[in-house]
Amino acid sequence: MTHAVVLGATGQIGRVAVAALARDGWAVTAVSRGGDRDARWPGDVRVVRADREDDGALSEAVGEGCDVLVDMVAYGERHARQLVSLAGRVGSAVVISSVSVYEDDKGRTFDTQGEPGGFPEYPVPITEAQRTIRPGDASYSTGKAALERELLAAGDRLPATLLRAGAIHGPYCRTPRELYFVKRNLDGRRRRVLAYGGASRFHPASVRNIAELIRLAAPRPGTRVLNAVDPDAPTVAEIAAAIDAVMGVETEDVLMDGPPVDGVGETPWTTPAPVVCDMSAAEDQLGYRPVARYADTLPETVAFLEERLAGRDWREAYPKMATAYGNLFDYAAEDAWFERR
């Protein structure tokens, strides 16, 4: 039996990854700030309470060592160096990164999307050879790029697989994009406006598929970067329709040819250009095959959202979502737009 330490074990990916590794025969130490245990984990999963920002607590959680350290929450140079400092006791690492590190051929990134014409136009699909943003500490994307740079440079000391995840979905997500359509359905909104003809595509990544990549990378140490997304990249209109089907409702799509107007037509999935990634490298290097398609995972996600929203304001249930997206449900503005048509 081999030993795996999972940091961020009670996050949305961690819960599934711990279970996948345990099923695969690993002795797992599940590390989280709360030290909680997921009901789906086998009883022999060791639970440790520790904050990864505390170097001493992290070192103690690793103990005498482990074969692989799986890190869900690493970010920036500091965390990368923290991991590398454990190289003598850690055989290899599997670390979650993000597709937001990609830069298009004109230097546009997710960080420039708020500027006129600033949304990146990536090739379809994006491979791991696509150029990346300059590392730094100015944003989430630059921090993830800095994390990658440091770990890749230290590959001779600590082999690390970096998984560039797309729009992560599944229960326990703190910023679930599906919330937009689930809440509208619960509120009885039977018309929705979708900008860009409802054709926006932002590649989703199921926690189940990411956990499968972790399971496959864990016993195969190497220094590599791999995309981590679902086998399909549905349009925003297809996502909305799939959620409708799960909830048993019918909604009319009103399609805008161009961008949102004063927020009307915008969703958390709305992009003026597609963000679609290639998974060939993971298939070739790890023998990866997806274990879930987007639509197959929706019943569990929708049920989780409905339970969490029950009797609560959505901003209370998902404060990080409110911070990231602002007023997602400005029905008055939408109704006024319909009246002007």
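# A guided tour, starting in the sheet

Select valine 95 to begin: in this predicted model, valine 95 stands opposite leucine 162 in β6. Now colour the two neighbouring strands. β5 and β6 (residues 160-165) run parallel and are joined by six bridges.

Widen the selection to the whole sheet. Seven strands make up this open sheet, in the order β3-β2-β1-β4-β5-β6-β10, and the pairing is parallel. Go to the edges next: β3 (46-49) and β10 (224-228) are the edge strands, each pairing on one side only. Looking across the strands, you will find a twist that averages 20° from one strand to the next.

**Helices on the sheet**

Add helix α2, residues 55-62. Helix α2 lies across β1 (3-7), β2 (27-32), β3, β4 and β5, and runs at about 150° to β1. Then add helix α6, residues 207-217, which packs on the sheet and touches β4, β5, β6 and β10. Compare its direction with that of β6, and the angle is about 170°.

**Aromatic stops**

Time to show the rings. How many aromatic pairs does the structure hold? There are eleven. Pick tyrosine 75 and tyrosine 140 as your opening example: the two rings are stacked, at 5.9 Å centre to centre with 20° between the planes. Where do the two partners sit in the chain? Tyrosine 75 is in the loop between β4 (66-71) and α3 (76-84), while tyrosine 140 belongs to helix α4 (residues 140-153), so the pair links distant parts of the chain, 65 residues apart. Turn on the surface for these two residues. Tyrosine 75 is partly exposed, with a relative accessible area of 32%, and tyrosine 140 is partly exposed too, at 45%.

Move on to tyrosine 180 and phenylalanine 329, another stacked pair, with 5.8 Å from centre to centre and 15° between the planes. Tyrosine 180 lies in helix α5 (residues 179-186) and phenylalanine 329 in the loop between α11 (319-325) and α12 (331-340), so their pairing ties together parts that are 149 residues apart in sequence. Are these rings buried or exposed? Tyrosine 180 is buried, with a relative accessible area of 3%, and phenylalanine 329 also counts as buried, at 9%.

Keep that pair on screen and add Phe181, Trp314 and Tyr331: together with Tyr180 and Phe329 they form one aromatic cluster. Now show lysine 183. Its charged end sits over the ring of phenylalanine 329, 5.3 Å from the ring centre. For a similar view elsewhere, select arginine 177, whose charged end sits over the ring of phenylalanine 202, 4.9 Å from the centre.

**Backbone details**

Finish with the main chain. Most residues other than glycine have a negative phi, and most peptide bonds are trans. With that in mind, zoom in on valine 124 and proline 125: the peptide bond between them is cis, with omega near 0°. Proline 125 is in the loop between β5 (90-98) and α4.

Select tyrosine 196 next. This residue has a positive phi of about 55°, although it is not a glycine. Tyrosine 196 is found in the loop between β8 (191-194) and β9 (204-206), and is partly exposed at 24% relative accessible area.

The last stop is aspartate 262, also not a glycine, with a positive phi of about 50°. Look for aspartate 262 in the loop between β11 (252-255) and α8 (280-286). With a relative accessible area of 72%, aspartate 262 is exposed.

Notes:
Residues are numbered from 1 along each chain as its sequence is written. This is a predicted model: local features need pLDDT of at least 70, side-chain atom pairs count only at pLDDT 80 or more; totals for chains, interfaces and linings use all residues. Side-chain values use heavy atoms; hydrogens and water are left out. Rings of Phe, Tyr and Trp (its six-membered ring) pair if their centres lie within 6.5 Å; planes under 30 degrees apart count as stacked, over 60 as edge-to-face and the rest as tilted. Helices (H or I, at least four residues) and strands (E, at least two) are DSSP runs, numbered from the N terminus. Buried means under 20% relative accessible area, exposed over 50%, partly exposed in between (1.4 Å probe, protein chains only). A charge sits over a ring if NZ of Lys or CZ of Arg is within 6 Å of the ring centre and within 35 degrees of the ring normal. Two strands pair if DSSP finds at least two bridges between them. Axes are lines fitted to C-alpha atoms, for helices over the stretch in contact, and angles run from 0 to 180 degrees between N-to-C directions. Contact means heavy atoms within 4.5 Å.
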